[in-house]
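Visitor: I have a protein chain to look at, and I am new to this. Could you walk me through it with questions and answers?

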Amino acid sequence: MFQFFQQIRSVLDKMPLSRKIAVGALLFLVISLFAGIIFWSNMVEYRPLYSGLSPEDASQVVTRLKDLKIPYKLENGGAGVSVPEDKLYDLRLTLAAEGLPKGGGVGFEIFNKTEFGTTEFVQKLNFQRALQGELARTIREIDEVRDARVLIVMPKDSVFVEESKPPSASVLLKLRKSLPQGQVDAVVHLVASSVEDLTPDRVTVVDSRGKILSSGTPEDADKQLLNSQLSYKLAYERNVTQRIQSMLERIVGQGKCIVRVTVDMDFSRVDVSEELFDPDGQVVRSRQNVAEKSDKTNLGPDKISSVNPLADLDPNRRTESREKNDDTINYEISRTTRRTTRPLGEVKRLSVAAVLDGTYTIETAEDSTRSRKYHARTPEEMKLFSTIVRQAMGYSEDREDQVSVESIPFTMDDGWELEKVPATGVDKLVEDYGKVGLNLLAILLVFLFVVRPLIRALREAGQGDTDELLEEEDDGVTVSIGAEALAESGVREGTAQERAMRLVREDVDKAANIIKGWLGEE
């Protein structure tokens, strides 16, 4: 072994400094490469097990991993946990079977374990905690929400209806980015629908910076109503404008017409109930006819009896007859009940203003200067455009809609180029092929003045290196060794250096053998 190291040391002593540096660098590179391969092959790759965990969930997951004696890494300030890749999916299934992560807070799993002797007050309190935790977990499913906390106030039950109070709730959101108003309303209605007797106007939503997103006050509701009405009005105007302008631009050209639409809307909600009676539409519903007839006889002092059977011959005897006839007819009059609800956002009036650019002609003056001359649209064209606009907007005389269509010259920008006269002859050739010719000329100049001198310089540098290698003038070495080989080669004229040069040019293989012999002798 010692002799082996002695041989290595002797070889290194004979090497020049430049070769020692090259061998050392190569050896260092090989060792580093093998060390990197060994380290990479034995390195354990970690994959995220969970990310975005709450501190409570992260603590429970880490505790469970310690019990299982599985290595882990904490990332993102403790919100993420990574484990070895080969154990990733087994751990997810194992932790899911144990209900981890729970998503922060306490949910309805609080009732999985019941204790004997739990009072009604504790049960209500646990139910409130579970409801708050489940709502917070549900809200956290929104992409823009990083964390959420829900607080619900449940008033005490009272036997008196006058003293009963509705519940209320407050929601604290920690957001990743700004939450649109539509999603804020969704959170409000989600909480309100999950709690009995809770209305959206009693739900308050704030973010972690203390900004009130929804207060549930009447002013907030009015603001939302106004915003929705304004959005609907602007969308209606934008739709009508797009329909008119797209049609006009297909006729007069792109960018040559401007259309503005203003709509007056009535957002009041009106319910009208009517009952209409038609006196001419009579129908007999029922008829009742009652006829009565009675006779009454007045007798004198002596009444008819078995004792006085001759009372009929009494001169004071009088007889009265009465008749009564009642005819009652009930008629059913035609009646119409109508309930009308006016639509929300009814268009009261529509105003449209359209401005059209005219036509232009190019005029050339005597000094060859060109200018644009504006020509207004003819009355026939304006009448036609006005009819088109009326049809596109849905014109109504009953609403007293207004339409204005005018032809006005548009302001010409500074970069507006005048139309050019079509080129002919040489000018047309220059216009069509001028750029191609300039590109070819540029390529030719680059080849002549850049590429060609560079190739020539490289050739000269290569030839100079070859001459130095053969002549070895810099080291002061004369070609004296191997003279016998040069003599055997048949080259006898000139100096040894010139003969060696001729030998290299004439027979490369033989020159290589001679150089190998020199190296062996050295």
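**A guided look at the chain**

Guide: Welcome! The chain has twelve helices and 14 strands, where helices (H or I, at least four residues) and strands (E, at least two) are DSSP runs, numbered from the N terminus. This is a predicted model, in which local features need pLDDT of at least 70 and side-chain atom pairs count only at pLDDT 80 or more, while totals for chains, interfaces and linings use all residues. Residues are numbered from 1 along each chain as its sequence is written, and side-chain values use heavy atoms, with hydrogens and water left out.

Visitor: What percentage of the residues in the chain is buried?

Guide: A residue is buried under 20% relative accessible area, exposed over 50%, and partly exposed in between (1.4 Å probe, protein chains only). The chain holds 522 residues. Of these, the buried share is 20%.

Visitor: Which strands are the edges of the open sheet with the order 1-3-2?

Guide: This open sheet has three strands with antiparallel pairing; two strands pair if DSSP finds at least two bridges between them. An edge strand pairs on one side only. That description fits strand 1 (46-50) and strand 2 (73-75).

Visitor: Which residue in strand 3 is the bridge partner of K73?

Guide: Strand 2 and strand 3 (residues 80-84) are antiparallel and share three bridges. In one of the bridges to strand 3, K73 has as its partner S82.

Visitor: At about what angle does helix 4 run to strand 1?

Guide: Axes are lines fitted to C-alpha atoms, for helices over the stretch in contact, and angles run from 0 to 180 degrees between N-to-C directions. Contact means heavy atoms within 4.5 Å. Helix 4 (residues 88-97) lies across strand 1 and strand 3, and its angle to strand 1 is about 15°.

Visitor: Which strands are the edges of the sheet of four strands?

Guide: This open sheet has the order 4-5-6-7, and its pairing is mixed. Pairing on one side only marks strand 4 (145-153) and strand 7 (212-214).

Visitor: What is the bridge partner of V206 in strand 7?

Guide: Strand 6 (residues 203-207) and strand 7 run antiparallel, joined by two bridges. In strand 7, V206 is partnered by I212.

Visitor: Which strands does helix 6 touch?

Guide: Helix 5 (residues 120-140) packs on this sheet too, touching strand 4 and strand 5 (168-175), at about 150° to strand 4. Helix 6 (residues 181-194) makes about 135° with the direction of strand 6. The strands touched by helix 6 are strand 5, strand 6 and strand 7.

Visitor: In what sense do strand 11 and strand 14 pair?

Guide: Strands of a sheet pair through backbone hydrogen bonds, either parallel or antiparallel. Strand 11 (residues 346-356) pairs with strand 8 (residues 257-266) over ten bridges in the antiparallel sense. With strand 14 (residues 402-407), strand 11 has six bridges, and A353 stands opposite S404. The sense of that pairing is parallel.

Visitor: Is L438 buried or exposed?

Guide: L438 is found in helix 9 (residues 426-471). Because its relative accessibility is 60%, L438 counts as exposed.

Visitor: What is the approximate area of the nonpolar surface patch that includes L438?

Guide: Patches are made of residues with over 30% relative accessible area and no salt bridge (a side-chain nitrogen of Lys or Arg within 4 Å of a carboxyl oxygen of Asp or Glu). Like charges are joined within 9 Å, and nonpolar side chains (Val, Leu, Ile, Met, Phe, Trp, Tyr) within 5 Å. Accessible areas come from the Shrake-Rupley method with a 1.4 Å probe; for residues, only the protein chains shown count as cover. L438, L441, L444, L445 and L448 make a patch of about 450 Å².
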